[in-house]
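Grab a pencil and work through a few short exercises on the structure below. Each one comes with a worked solution, so try it yourself before reading on.

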Amino acid sequence: MADTTAEARAIRREDWTETPGEWHGEVQDFGGKVSLIFVRAEPGKGPRLHSHPYPETFIVRAGRALYTIGEREIEAGPGEIMVVPAGVPHKFRSLGPDVLESIDIHASERFITDWLE
């Protein structure tokens, strides 16, 4: 069996966070196959409708959000996971009253986004 420990990577929080002490930032080319967005969205905030040519997975850490995935609307809270297939239009909005924190996993080494609105 091949030793793959040389491929192991750790990225420290201070290397990805945009605001020290907050859950907000991004990492592209994490191991060559995924990119990550660490979302921190105040109530009422979130990205407008868009799609990607690869799947995207959302993991909610805190708060609540309304996800629009294709024709479906899904309300999600802490611990819930949504998977958006490649090419499906989607968006989300933080519902409050708490700040939304999520990890958004892009199955691509780079972000590729087609903004639809």
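**Exercise 1.** With which side chain does the side chain of His 50 make a polar contact? Then place His 50 in its surroundings.

*Solution.* Keep in mind that this is a predicted model.
- Start with the side chain: His 50 pairs with the side chain of His 52, at 3.3 Å.
- Next, the element: His 50 sits in strand 3, residues 50-51.
- Check burial: the relative accessible area of His 50 is 5%. The cut-off for buried is under 20%, so His 50 counts as buried.
- Now look beyond four places in sequence: His 50 is in contact with Glu 56, with Val 88, Pro 89 and His 90, and with the run Thr 113, Asp 114, Trp 115 and Leu 116.
- Finally, take a long-range pair: Glu 117 is 67 residues from His 50 in sequence, yet their C-alpha atoms are 7.1 Å apart.

**Exercise 2.** Is Ser 35 buried or exposed? Find what its side chain reaches.

*Solution.*
- Locate it: Ser 35 belongs to strand 2.
- Read the accessibility: the relative value is 0%, so Ser 35 is buried.
- Follow the side chain: it reaches the backbone oxygen of Ser 108 at 2.8 Å.

**Exercise 3.** Work out which strands build the largest nonpolar core.

*Solution.*
- List the members: the core has twelve residues in all, including Val 39, Phe 58, Val 60, Tyr 67, Met 82, Phe 92 and Leu 100.
- Assign the strands: strand 2, strand 4 (56-62), strand 5 (65-69) and strand 7 (81-84) each supply at least two residues.
- Pick the main contributor: strand 5 gives the most, three residues.
- Look for a second core: another one, of six residues, lies apart from it, and Trp 16, Val 27, Leu 36 and Ile 103 are among its members.
- Zoom in on one member: not counting residues up to four places away, Tyr 67 touches Phe 58, Val 60, Ala 76, Met 82, Phe 92 and Leu 100, among others, and its partners also include Arg 72, Glu 73 and Lys 91.

**Exercise 4.** Describe the lining of the largest pocket.

*Solution.*
- Take the volume: the largest pocket holds about 360 Å³ of space.
- Find the centre: of the 19 lining residues, Ile 37, Val 39, Pro 47, Phe 92 and Asp 104 lie nearest to it.
- Trace the strands: strand 1 (25-30), strand 2 (34-41) and strand 9 (100-106) each supply at least two lining residues. Strand 2 has the largest share, with four.
- Sort by chemistry: the lining has seven nonpolar, seven polar and five charged residues.

Notes. Residues numbered from 1 in each chain as written. Predicted model: local features only at pLDDT ≥ 70, side-chain atom pairs only at ≥ 80, totals over all residues. Heavy atoms only, no water. 1 Å grid on protein atoms, 1.4 Å probe; cavity = no way out; pocket = protein on both sides within 12 Å on 5 of 7 lines; lining within 4 Å. Points joined across faces, edges and corners; volume = space filled by probe spheres on them. Nonpolar A, V, L, I, M, F, W, Y, C, P; charged D, E, K, R; others polar. Core = buried A, V, L, I, M, F, W, Y, C linked by side-chain atoms within 4.5 Å. Buried < 20%, exposed > 50% of the residue type's maximum accessible area, 1.4 Å probe, protein only. Contact = heavy atoms within 4.5 Å. Polar contact = N/O pair within 3.5 Å; in protein donor to acceptor, adjacent residues only side chain to side chain.
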